[in-house]
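Good morning, everyone, and thank you for making the time. I would like to take you through one structure, and I ask you to keep it in view while I speak.

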Amino acid sequence: MEITFLGTSGTLPTERRGLSAVHLDYLGEPMLFDCGEGTQRQMRHAGLNFMSLDNIYITHLHADHFLGLGGMLQSMDFLERNTPLTIHGPPGTKETIEKLLTLGTFELDHLTVSMHEVSEGLVFEGKRYTVTAAKTSHTKNSIAYCFTENSHRKFNKPRALELGIPEGRLFSNLQDGQTIEFKGKTITPDMVLGDPISGRKVVYTGDTRPCQSVIDLSCGADVLIHESMFSSEDLESTKDAAHSTTKQAAEIAAKAGVKALYLTHISQRYTDPKKLEAEAREVFPNSFIAEDFMKVKVQKHW
Ligand SMILES: [Zn+2]
Ligand SMILES: [Zn+2]
């Protein structure tokens with residue numbers, strides 16, 4: 001499982017940083033969180049294929065988080081993509097994307113796009129993971145997303161053999177959580193499976209002031225990707241900006257008990273990311289400033 005930062009600048013692109021987009025590859029299944037202007041080119045640069053995306057999650061409808069969809073959807077259609085794409089986002093997403101899809105003389109010939117509006121709770125259920133959302137404190141309709149891998153129970157093979165079950169299909173059935181009948185005996189999964197081990201968890205906040213809902217959503221996460229538009233030195237002058245500072249993001253990470261914090265959505269005014277990183281590390285030592293094309297592997301729990 002690998003995270004790739006595709007755009008780490010706040011509001012305006014800079015020479016070194018594109019606009020908000022985070023790619024997550026879960027066992028070969030890619031998904032995208034936010035799609036700022038230029039994201040399709042950033043993906044090409046990172047060696048990622050936007051044609052493989054089936055789900056895109058938008059945090060809010062400020063242009064620096066979704067405007068890249070216009071070009072990307074046109075490219076998908078031009079390349080004759082005919083598998084459906086779902087765009088998840090807060091209320092207003094459907095109307096906004098419909099406008100994007102009817103700009104200029106553009107018409108979809110191949111691509112089918114569904115829009116799924118969501119305010120909080122379950123957003124998408126994959127085979128081995130879920131994506132959930134929580135409201136953030138930025139605009140009326142802004143949300144953060146949490147990717148959670150399903151929990152796993154280790155199969156106790158010696159125990160299964162002890163019970164006389166032959167290796168093969170019945171093993172698989174038990175591993176899949178099914179009760180089996182074997183030589184007149186009923187064997188339940190609980191008899192051969194260990195305690196559940198929680199799966200990996202990654203949270204992406206989009207833009208937000210520090211807020212309790214992000215702490216709740218990211219409790220115990222492997223990775224928290226939190227916006228950090230400003231230096232803590234500029235706390236006073238930026239307090240009405242509906243964003244977070246380095247230290248505020250680090251405080252959220254500490255309260256949520258996450259393993260690692262990556263700061264993104266950096267204002268163009270800061271040219272020394274190490275200084276911002278040092279500020280966050282005073283509060284939460286395992287903090288990093290994200291850079292465009294930075295890749296982060298999230299290790300398995302089992
Ligand atoms: Zn933004
Ligand atoms: Zn915003």
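Before I list any residues, let me fix what I mean by a cavity: on a 1 Å grid over the protein atoms alone, a cavity is a set of points where a 1.4 Å probe fits but cannot get out, and a residue counts as lining when it has an atom within 4 Å of such a point. Please also bear in mind throughout that this is a predicted model.

With that in place, a search of the whole structure finds two cavities of 30 Å³ or more, and the largest cavity has a volume of about 50 Å³. Which residues line the largest cavity? They are Ile3, Val22, Leu24, Phe33, Tyr145, Phe147, Val202, Val203, Tyr204 and Ile225. If we ask where these come from in terms of strands, at least two lining residues are supplied by each of strand S2 (21-26), strand S9 (143-149) and strand S14 (201-204), and of the contributors it is S14 that gives the most, with three residues.

Let me turn to a strand pairing elsewhere in the chain. Strand S7, residues 121-125, and strand S8, residues 129-135, run antiparallel and are joined by four bridges, while the connection from S7 to S8 is a hairpin of three residues. Within this pairing, leucine 122 stands opposite threonine 132 of S8.

Next, a single side chain that I think deserves a look on the screen. Glutamate 277 belongs to helix H10, which covers residues 273-283. Is glutamate 277 buried or exposed? Its relative accessible area is 7%, and because the cut-off for buried is under 20%, glutamate 277 is classed as buried. The side chain of glutamate 277 reaches the backbone nitrogen of isoleucine 289 at 2.8 Å, and, leaving aside residues up to four places away in sequence, glutamate 277 touches Ser287, Phe288 and Ile289.

Finally, the cysteines. How many disulfides does the structure hold? The count is zero. Cysteine 211 is in no disulfide, and the nearest cysteine sulfur, which belongs to cysteine 146, is 14 Å away; cysteine 211 has a relative accessibility of 12% and so counts as buried. Cysteine 219 is likewise in no disulfide, with the nearest cysteine sulfur, again that of cysteine 146, 10 Å away. For both cysteines, the cut-off to hold in mind is that a disulfide is a pair of cysteine sulfur atoms within 2.5 Å.

Thank you, and I am happy to go back to any of these places.

How values were computed
Residues are numbered from 1 along each chain as its sequence is written. Chains are lettered from A and ligands numbered from 1 in the order in which they are written. This is a predicted model: local features need pLDDT of at least 70, side-chain atom pairs count only at pLDDT 80 or more; totals for chains, interfaces and linings use all residues. Side-chain values use heavy atoms; hydrogens and water are left out. Buried means under 20% relative accessible area, exposed over 50%, partly exposed in between (1.4 Å probe, protein chains only). A polar contact is a pair of N or O atoms within 3.5 Å; within protein, one must be able to donate a hydrogen and the other to accept it, and residues adjacent in sequence count only if both atoms are side-chain atoms. Contact means heavy atoms within 4.5 Å. Two strands pair if DSSP finds at least two bridges between them. On a 1 Å grid over the protein atoms alone, a cavity is a set of points where a 1.4 Å probe fits but cannot get out, and a pocket is an open set with protein on both sides within 12 Å along at least five of seven lines; lining residues have an atom within 4 Å of a point. Grid points are joined across faces, edges and corners, and a volume is the space filled by probe spheres set on the points.
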